[in-house]
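Here's a quick briefing for anyone about to open this one in a viewer. Take a look first, then read on.

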Number of protein chains: 2
Amino acid sequence: MRRQETIDEIVAEAWELSRANGLANFSMRELGTRVGMRAQSLYSYFGSKLEICDAMFLDGNRRLLETMRAETDGFDITADPTGTIEATARGFLRFCTSDPVRYQLLFQRTIPDFVPSPDSFAVAQEAFDLAIAPLRAQGIDDQGVDLFTAVLAGLAAQQISNDPGGDRWERVIPSAITMLLRELCPNLYPTPPSTRSQP
Amino acid sequence: MRRQETIDEIVAEAWELSRANGLANFSMRELGTRVGMRAQSLYSYFGSKLEICDAMFLDGNRRLLETMRAETDGFDITADPTGTIEATARGFLRFCTSDPVRYQLLFQRTIPDFVPSPDSFAVAQEAFDLAIAPLRAQGIDDQGVDLFTAVLAGLAAQQISNDPGGDRWERVIPSAITMLLRELCPNLYPTPPSTRSQP
DNA sequence: GTCTATAATCTGATAGAC
DNA sequence: GTCTATCAGATTATAGAC
């Protein structure tokens with residue numbers, strides 16, 4: 001389908017402009033010019049600018065889904081639970097920090113009046129469920145998952161806004177994951193006795 | 001000074017409009033009307049719209065400074081380190097979640113072309129230093145502080161964007177702080193032997 | 001599907017009278 | 001300090017020819 005290709009190109013350019021000027025900080029004129037048409041012609045592909053944002057949201061979540069799938073691919077949850085969990089955590093963080101604007105669209109509510117359509121929200125849900133599957137497999141409960149996601153979200157947020165392009169919080173990942181696994185499944189990841197004081 | 005009162009009123013209304021329409025999503029006309037003048041008259045108080053944003057940034061950080069001061073007020077760091085740390089953490093989180101737009105301005109870089117002035121940045125630095133003082137007092141190093149701030153930032157971010165107005169991640173605070181203190185100063189906050197498996 | 005034309009409105013900002 | 005007048009341009013979106 002040629003139409004689908006055009007749609008994909010529009011979305012790709014919308015990402016490009018957002019990365020350069022800030023999320024959704026492009027005009028229909030600007031976007032149209034980028035894809036080689038007048039702004040008005042965009043309306044035969046999308047009903048409004050917010051529909052383009054929704055297409056970006058869908059696209060971003062599809063990529064997240066792919067990333068999480070690829071990241072857990074070489075791992076066997078039952079055979080190597082900690083390896084799988086660490087891989088998903090690292091994959092998720094790399095996904096976030098590698099594209100701050102995408103992180104902003106997917107995980108923060110920052111575009112006024114933007115509400116994801118049911119279709120794109122479903123993909124977001126699917127990606128989230130896949131990402132936390134290794135945690136569920138270890139019997140971690142709702143509160144544990146919330147704690148885990150909060151730590152990952154925090155590392156991403158800090159890295160993006162306080163050290164963009166650097167690795168200051170990326171370097172904290174190992175100790176963060178160790179800490180989380182110690183807290184959430186101590187039987188799986190016991191504290192090394194040598195490093196702890198015995199009362 | 002009557003001039004200062006007007007300036008304060010402008011900033012207050014800018015917050016109000018941002019809370020209603022999204023951060024910095026107000027026009028000078030709109031803001032002027034709110035404070036009872038034409039948009040053009042605002043320019044005798046601020047040189048540009050971004051200067052108003054900077055005044056908001058300064059105001060927000062001053063309030064953060066006040067909050068952190070008030071929160072640690074009843075505590076003695078040397079006598080009750082964990083109590084002090086818990087209080088500052090809770091105070092910080094309440095500060096963040098109670099005003100998502102303020103959180104967005106203070107802790108995320110989301111307004112295009114906005115750069116804090118040196119003066120307002122200095123206040124931000126002062127607030128941060130005060131907030132982590134109890135951690136430093138416990139000898140927690142740079143990486144430890146980064147881990148701590150990441151967890152707090154994550155709890156705030158998740159609470160704000162995934163459960164606004166609720167308390168889903170607020171309820172995780174106790175276990176998060178316990179986990180952090182266990183990890184970062186085990187001598188101060190030893191793991192209760194009863195709940196752990198002995199190898 | 002893409003175009004021209006245009007609606008209808010908003011934008012931040014400046015000049016100068018009073 | 002506040003006003004009127006205005007600049008110079010932007011914005012999303014629609015109508016209708018081709």
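What follows covers how the protein chains meet and what sits around the DNA strand.

Keep in mind that this is a predicted model. Chain A and chain B bury about 3,000 Å² between them, and laying one on the other takes a turn of 180°. DNA strand C, for its part, has 15 residues around it.

**How the two copies are related**

- Chain A can be laid on chain B with an RMSD of 0.0 Å, using that 180° turn and a shift of 0.0 Å along the axis.
- The two copies are thus related as by a two-fold rotation axis.
- Looking for the axis in chain A? Go to Gly154(A), whose C-alpha is the nearest one to the axis, 1.7 Å from it.

**The contact between chain A and chain B**

- Chain A puts 34 residues into the contact, and chain B puts in 34 residues too.
- Of the interface residues of chain A, 100% are also interface residues in chain B, so the copies meet through the same surface.
- Carbon and sulfur atoms carry 51% of the roughly 3,000 Å² buried between the chains.
- Four salt bridges are counted between chain A and chain B.
- In one salt bridge, Arg168(B) pairs with Asp146(A), and their closest N and O atoms are 2.8 Å apart.
- There are also twelve residue pairs in polar contact between the chains, counting pairs with both residues at pLDDT 80 or more.
- On the side of chain A that touches chain B, the elements giving two or more residues are α5 (100-107), α7 (142-162) and α8 (173-184).
- α7(A) gives the most to that side, with eleven residues.
- By class, that side of chain A splits into 15 nonpolar, twelve polar and seven charged residues.

**Around DNA strand C**

- Which of the 15 residues around DNA strand C come nearest? Those are Gln40(A) and Tyr45(A) from chain A, plus Ser27(B), Gln40(B) and Tyr43(B) from chain B.
- Sugar and phosphate make up 57% of the strand C atoms that come within 4 Å of the protein.
- Tyr45(A) has a polar side-chain atom 2.4 Å from a phosphate oxygen of DNA strand C.
- Arg3(A) also reaches a phosphate oxygen of the strand, with a side-chain N or O atom 2.9 Å from it.
- Lys49(B) uses its backbone instead: a polar backbone atom is 3.1 Å from a phosphate oxygen of DNA strand C.
- The surface near DNA strand C has five nonpolar, six polar and four charged residues.

Definitions and conventions. Residues numbered from 1 in each chain as written. Chains lettered and ligands numbered in written order. Predicted model: local features only at pLDDT ≥ 70, side-chain atom pairs only at ≥ 80, totals over all residues. Heavy atoms only, no water. Contact = heavy atoms within 4.5 Å. Buried area = accessible area lost by both parts, 1.4 Å probe. Salt bridge = Lys/Arg side-chain N within 4 Å of Asp/Glu carboxyl O. Polar contact = N/O pair within 3.5 Å; in protein donor to acceptor, adjacent residues only side chain to side chain. Helix = DSSP H or I, 4+ residues; strand = E, 2+ residues; numbered from the N terminus. Nonpolar A, V, L, I, M, F, W, Y, C, P; charged D, E, K, R; others polar. Least-squares fit on C-alpha atoms with pLDDT ≥ 70 in both. Near = heavy atom within 4 Å.
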